[in-house]
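Got your viewer open? Let's take a short walk through this one, one selection at a time.

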Amino acid sequence: MNADDEDDAVDVGSSSAAVTGMTETVGTIGRITKAPLGEYLAGDLVYARATGRKNEPYWPGAVLEPRDAPAAVRRECAPETVCVMFFGPSASKGRDRDYAWANAEMLAPYAVNREVLDLQRVAKRLRPTAFREACVEAG
């Protein structure tokens, strides 16, 4: 990433926001670094949104090889996405983990964004305690 990329930030609070550069502004907590989809490899730690909703927090997880995901998750595979297994307890009873097929707009590299994204305010309905557990698990 070069210094010019920092000028391409997007305000996540805007309903029309889209990732247009290599950074994104997350609410009032700061900017995060983004990466093209092709740079995410199996085993990479990431922050991801389970859906494309901008009011949803980025959650810690890991990129998986699709063949390593449960069969039900593999059936939901979408083009131009990577499979992410989220850390922390599942939001659904009867499952150990939650998964998502995330595109580049829904992803952020973990290490370079940890300082900013660990400070996200997670609404009570989105399970802030589970978010903290996920952050601890991610390391």
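Before we click on anything, one term: two strands pair if DSSP finds at least two bridges between them. Keep in mind, too, that this is a predicted model.

**Stop 1: the whole chain.** Show everything as a cartoon. You should find three helices and seven strands, and if you trace from the N terminus, the order is β-β-β-β-α-β-β-β-α-α. The protein has 139 residues, and 42% of them count as buried. Switch on a surface if you like: the accessible area is about 7800 Å², with 50% of that belonging to carbon and sulfur atoms. As for contacts with a separation of 6 or more, 52% of them link residues 24 or more positions apart.

**Stop 2: strand β1.** Select residues 23–26 and show side chains. In a regular strand, side chains alternate between the two faces of the sheet. Here T23 and T25 sit on one side, E24 and V26 on the other, and all four are buried, so both faces are covered.

**Stop 3: β1's partner.** Add residues 30–33, which is strand β2. The two run antiparallel and are joined by four bridges. Which residue in β2 is the bridge partner of V26? Look for G30.

**Stop 4: P89.** Now jump to the loop between β5 (82–86) and β6 (98–102), where P89 is found. Is P89 buried or partly exposed? Its relative accessibility is 34%, so P89 counts as partly exposed. Leaving aside residues up to four places away in sequence, P89 touches D98, R127, A130 and E133. To finish, draw a distance from the C-alpha of P89 to that of T129: they are 40 residues apart along the chain, and the separation is 9.6 Å.

Definitions and conventions: Residues are numbered from 1 along each chain as its sequence is written. This is a predicted model: local features need pLDDT of at least 70, side-chain atom pairs count only at pLDDT 80 or more; totals for chains, interfaces and linings use all residues. Side-chain values use heavy atoms; hydrogens and water are left out. Buried means under 20% relative accessible area, exposed over 50%, partly exposed in between (1.4 Å probe, protein chains only). Contact means heavy atoms within 4.5 Å. Accessible areas come from the Shrake-Rupley method with a 1.4 Å probe; for residues, only the protein chains shown count as cover.
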